[in-house]
Amino acid sequence: MSDRCAVTIQNNQSIPRMFISGCLAGEWVRYDGGQQFHSVLINQMGRLVEWLPICPEFEAGLGLPREPIQLEGDPHNPAVRAVVSRRDMTDCLQKWAHEKGRVLDEVRPWGVVLKSRSPSCGVRDVKVVSVEGTKTRDGVGCFSGWLSESRPMMPLAQETDLSDFWRWQGFAEWVFIYQRWQRVERESLQRFHQRHKYQLMARHAGMAKALGRVAATAVSHAESIDDYCTLLARMMRLKSSRLRHVNALKHVAGYLPKKSRERAEAHRAIDHFSLGQRPLASVQMTLYRLASQKRLSYLQNQYYLKPDPLQLRIQRLGSRKQ
Ligand code: SF4
């Protein structure tokens with residue numbers, strides 16, 4: 001970690017901290033000596049979270065400026081090589097990532113936002129060159145791949161997710177699920193699951209059911225918390241969709257009394273959402289109000305219907321196109 005990061009950490013202990021690719025933060029660390037300042041992340045999201053810049057290639061000692069590198073070989077286990085000199089940088093970058101793990105554990109960031117398409121930082125769709133020289137976009141950057149494997153629950157996004165409503169909304173949600181997850185013990189697993197039930201259903205109904213089954217065994221099964229964590233981390237990487245939310249919202253509306261004015265209002269709101277005429281957050285607020293009117297405490301306790309205000313503010317920074 002650079003000295004600059006260390007200073008920032010000490011100054012602002014109370015603000016959520018997140019790591020960000022240094023080049024997105026405007027640091028001149030790209031291979032060509034340039035940067036990729038991202039104004040929404042730094043100027044707008046920077047009011048909500050404290051960014052801690054990080055640059056795997058520079059911090060691993062690859063130099064500045066440096067030769068460009070690329071992923072080569074098997075997309076699931078690629079090597080990282082310098083494009084011209086053909087030097088293999090894989091070990092050097094992996095060694096640095098392992099050392100960085102200690103810093104991550106000390107800082108306990110709420111999430112990480114990395115630069116897309118980079119052979120070190122890209123979260124998905126990174127170029128990989130096969131032995132035969134063909135190029136695919138199946139790769140994951142060396143650092144982000146290490147991060148996903150070693151800390152699967154750590155919320156992870158790349159800057160291009162901001163222009164994809166469902167991806168960014170999913171990331172904001174993941175950040176807060178992760179915060180709550182860190183306080184969960186085996187005894188409280190079932191309650192955690194119950195309060196996230198519809199949020200999880202909106203990601204993937206089948207996997208949410210499987211998680212429910214694992215949570216139900218929590219009292220008798222010592223491994224249940226690890227099994228739950230593995231499945232939950234996989235789910236957090238899934239992108240939701242309007243259709244999946246409609247399904248979850250309809251399940252919520254099913255708790256309102258049949259033929260009641262409240263149920264009719266809920267269905268009207270969901271129909272408008274399914275036609276793209278009403279934003280998701282507004283329908284969630286309506287359902288929360290209706291649940292409160294009917295004193296349905298199970299629904300009132302759902303994080304899906306009453307997200308953290310900071311989550312909503314982070315969500316709003318992304319694309320408005322749902
Ligand atoms: S993409 Fe990652 S490795 Fe490349 S310059 Fe930016 S922070 Fe550094």
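This report walks through a predicted model, from its confidence to its domains, ligand shell, one helix and one serine.

Let's start with how far to trust it. The protein has a mean pLDDT of 94, and 96% of its residues reach 70 or more. The weak spot to keep in mind is residues 1–12, where pLDDT stays under 50. For that stretch the model has 12 contacts beyond four places in sequence.

Next, the domains. The assignment splits the protein into domain 1, made of 3–67 + 89–126 + 142–163, and domain 2, which covers 166–322. Their C-alpha centres sit 29 Å apart. Where the two meet, 13 residues of domain 1 are in contact with 16 residues of domain 2. On the domain 1 side, the touching residues come out as 9 nonpolar, 3 polar and 1 charged.

The ligand has its own set of neighbours: 13 residues surround it, and the closest are Ser 21, Cys 23, Cys 55, Ser 118 and Cys 121. Helix H3 (residues 56–59) gives the most to this shell, with 3 residues. Here is how the two sets of residues divide by class:

| Set of residues | Nonpolar | Polar | Charged |
|---|---|---|---|
| Shell around the ligand | 6 residues | 4 residues | 3 residues |
| Side of domain 1 that touches domain 2 | 9 residues | 3 residues | 1 residue |

Now for helix H4, residues 90–107. Does its length fit or clash with what a helix of 18 residues should span? At 1.5 Å a residue the expected span is 26 Å, and the end C-alpha atoms of H4 are 25 Å apart, so the two agree. The buried residues of H4 are Leu 93, Trp 96, Ala 97 and Lys 100. What covers these buried residues includes H3, strand S4 (79–82) and helix H5 (142–150). H3 therefore turns up twice, as a giver to the ligand shell and as part of the cover over H4. Right after H4 comes Arg 108, and its phi is positive, near 50 degrees.

Finally, Ser 274, which lies in helix H11 (residues 261–274). Is Ser 274 buried, exposed or partly exposed? It has 17 other C-beta atoms within 10 Å, so Ser 274 counts as partly exposed. Leaving aside neighbours within four places in sequence, Ser 274 is in contact with Arg 242 and Val 246. Asn 43, on the other hand, is 231 residues from Ser 274 in sequence and 33 Å from it in space, C-alpha to C-alpha.

Terms used
Residues are numbered from 1 along each chain as its sequence is written. This is a predicted model: local features need pLDDT of at least 70, side-chain atom pairs count only at pLDDT 80 or more; totals for chains, interfaces and linings use all residues. pLDDT is the predictor's confidence in each residue, from 0 to 100. Two residues are in contact if their C-beta atoms, placed from the backbone, lie within 7 Å. A residue is near a molecule or strand if its C-beta atom, placed from the backbone, lies within 6 Å of it. Helices (H or I, at least four residues) and strands (E, at least two) are DSSP runs, numbered from the N terminus. Ala, Val, Leu, Ile, Met, Phe, Trp, Tyr, Cys and Pro count as nonpolar, Asp, Glu, Lys and Arg as charged, and the others, Gly among them, as polar. Domain bounds come from an automatic or database domain assignment. A residue is buried if 20 or more other C-beta atoms lie within 10 Å of its own, exposed if 12 or fewer, and partly exposed in between; C-beta atoms are placed from the backbone. The expected span of a helix is 1.5 Å times one less than its number of residues.
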